[in-house]
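Student: Please take a close look at a single strand of this protein and at what surrounds it. I would like one connected account rather than a list.

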Amino acid sequence: MQIQSSHAIPHAPVQTVSFRKSRPQIVGSPAGPEPPFPIHLVGRVQRGFGRGGKDLGCPTANLPDESIAPLSSVARTGVYYGWAQVTPLPHQPTTTWTKVDSQVLPMVMSMGWNPFYHNQKLTCEIHVIHEFSSDFYGYELRAIVLGYIRPELDYTSREALIADIETDKQVALNSLARPEYQKYSLDPFFPLHSHM
C-alpha cells in the first residue's frame, strides 16, 4: 500500500554480514508493548507490486491508504511485528478457505521505500506467517502492530534480503511467544467468528 510520496527518499544503510550476525532474536520489552504500540489497522486487501510471493517467497497483503492512518504515529521506516487476521466478507466465495486461514496469526510488516527495488513511494506491506489455502484479495485484514524489529536496509543481493526476511519472521515469532504479547491475539479487535 502506498502511504505517501516524497521528493527526497531517505538513504537506507546497506545490510552487512556483521549486522545479520549481531541481530537480536527477540525484541520489545518483556513487560509488553510500549507507546506508540499497540497500533490497530483494518482494511480490505488490495493488489500490490506482486513481488513478495514471486520474487522473495514472502507474499504480502496491502491495505488501502486510508486504512493505515494510525501508522502516522510511527516515525521510523523498518520492520514491525504483531498479530493479524484475514476474513472473507459475507458475499465472497470461501470454497477453499479454511477455519485455520481465518485464525489470528503472527505477522511481520514492512514500512518504507524498499530501496532494493528503488521504490518512489513509501509503502506498507504485511506478511501473515501462514500458508493460506487461496488468495485473499478483497478480504478484510485486521492487524495489531506491537513492536519494531529493525530499520529499513538496502541489500547487495536478493539472497541477503531473503535471509533477513526469514530472520525477521523468526524474531517476530520469538517476540510474540511471550505472555504479554500473546494476549493481543485474543484482543476483541479481532472478530471471534469468521464469516464462513
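Tutor: A residue is called buried here when its relative accessible area is under 20%. The model is predicted, and by that cut-off β4 is mostly covered, with 7 of its 8 residues buried.

The setting comes first. The protein has 4 helices and 6 strands, and its elements run β-α-β-α-β-β-β-β-α-α from the N terminus on. Of its 196 residues, 49% are buried. Among contacts with a separation of 6 or more, 80% join residues 24 or more positions apart. The accessible surface comes to about 9900 Å², and carbon and sulfur atoms hold 56% of that area.

Now the strand itself. β4 pairs with β3 in the antiparallel sense, over 7 bridges. Within β4, serine 110 stands opposite valine 79.

Leucine 105 also belongs to strand β4. Its relative accessible area is 9%, so leucine 105 counts as buried. The C-alpha atoms of leucine 105 and glutamine 85 are 6.2 Å apart, although the two residues are 20 apart in sequence. Leaving aside residues up to four places away in sequence, leucine 105 touches Gly82, Trp83, Ala84, Val100, Val128, His130 and Phe132.

Methionine 109 can be treated in the same way. With residues up to four places away in sequence again not counted, methionine 109 touches Leu41, Leu71, Gly78, Val79, Tyr80, Cys124, Glu125, Ile126 and Val145. Met109 is also one of the residues with the most contacts inside the largest nonpolar core, alongside Leu41, Leu71, Ile126 and Leu141. That core has 27 residues. At least two of its residues come from each of β2 (39-44), β3 (78-87), β4 (105-112), β5 (121-128) and β6 (140-151). A second core, separate from this one, has 15 residues, including Val27, Ala172, Leu176 and Tyr184.

Two residues already named as contacts, Tyr80 of methionine 109 and Phe132 of leucine 105, lead on to the aromatic rings. The count of aromatic pairs comes to 8. In one of them, tyrosine 80 and tyrosine 148 meet edge-to-face, at 4.9 Å centre to centre and with 65 degrees between the planes. Tyrosine 80 lies in strand β3 and tyrosine 148 in strand β6, 68 residues apart, and the pair thus links distant parts of the chain. Both tyrosine 80 and tyrosine 148 are buried.

Tryptophan 97 and tyrosine 139 also form an edge-to-face pair, with 4.9 Å between the centres and 70 degrees between the planes. Here the link is between loops: tryptophan 97 is in the one between β3 and β4, and tyrosine 139 is in the one between β5 and β6, 42 residues apart. Tryptophan 97 and tyrosine 139 are both buried. Phe132 belongs to the cluster that ring pairs form with Trp97, Phe136 and Tyr139.

Two arginines also lie over aromatic rings. The charged end of arginine 47 sits over the ring of tyrosine 137, 3.8 Å from the ring centre. Arginine 142 lies over the face of phenylalanine 189, and the distance to that ring centre is 4.8 Å.

To return to the strand: β4 has 7 of 8 residues buried, pairs with β3 over 7 bridges, and supplies at least two residues of the largest core.

Terms used:
Residues numbered from 1 in each chain as written. Predicted model: local features only at pLDDT ≥ 70, side-chain atom pairs only at ≥ 80, totals over all residues. Heavy atoms only, no water. Core = buried A, V, L, I, M, F, W, Y, C linked by side-chain atoms within 4.5 Å. Buried < 20%, exposed > 50% of the residue type's maximum accessible area, 1.4 Å probe, protein only. Contact = heavy atoms within 4.5 Å. Phe/Tyr/Trp six-rings, centres within 6.5 Å; stacked < 30°, edge-to-face > 60°. Lys NZ or Arg CZ within 6 Å of the ring centre and 35° of its normal. Areas by Shrake-Rupley, 256 points an atom, 1.4 Å probe, with all protein chains shown as cover. Pairing = 2+ DSSP bridges.
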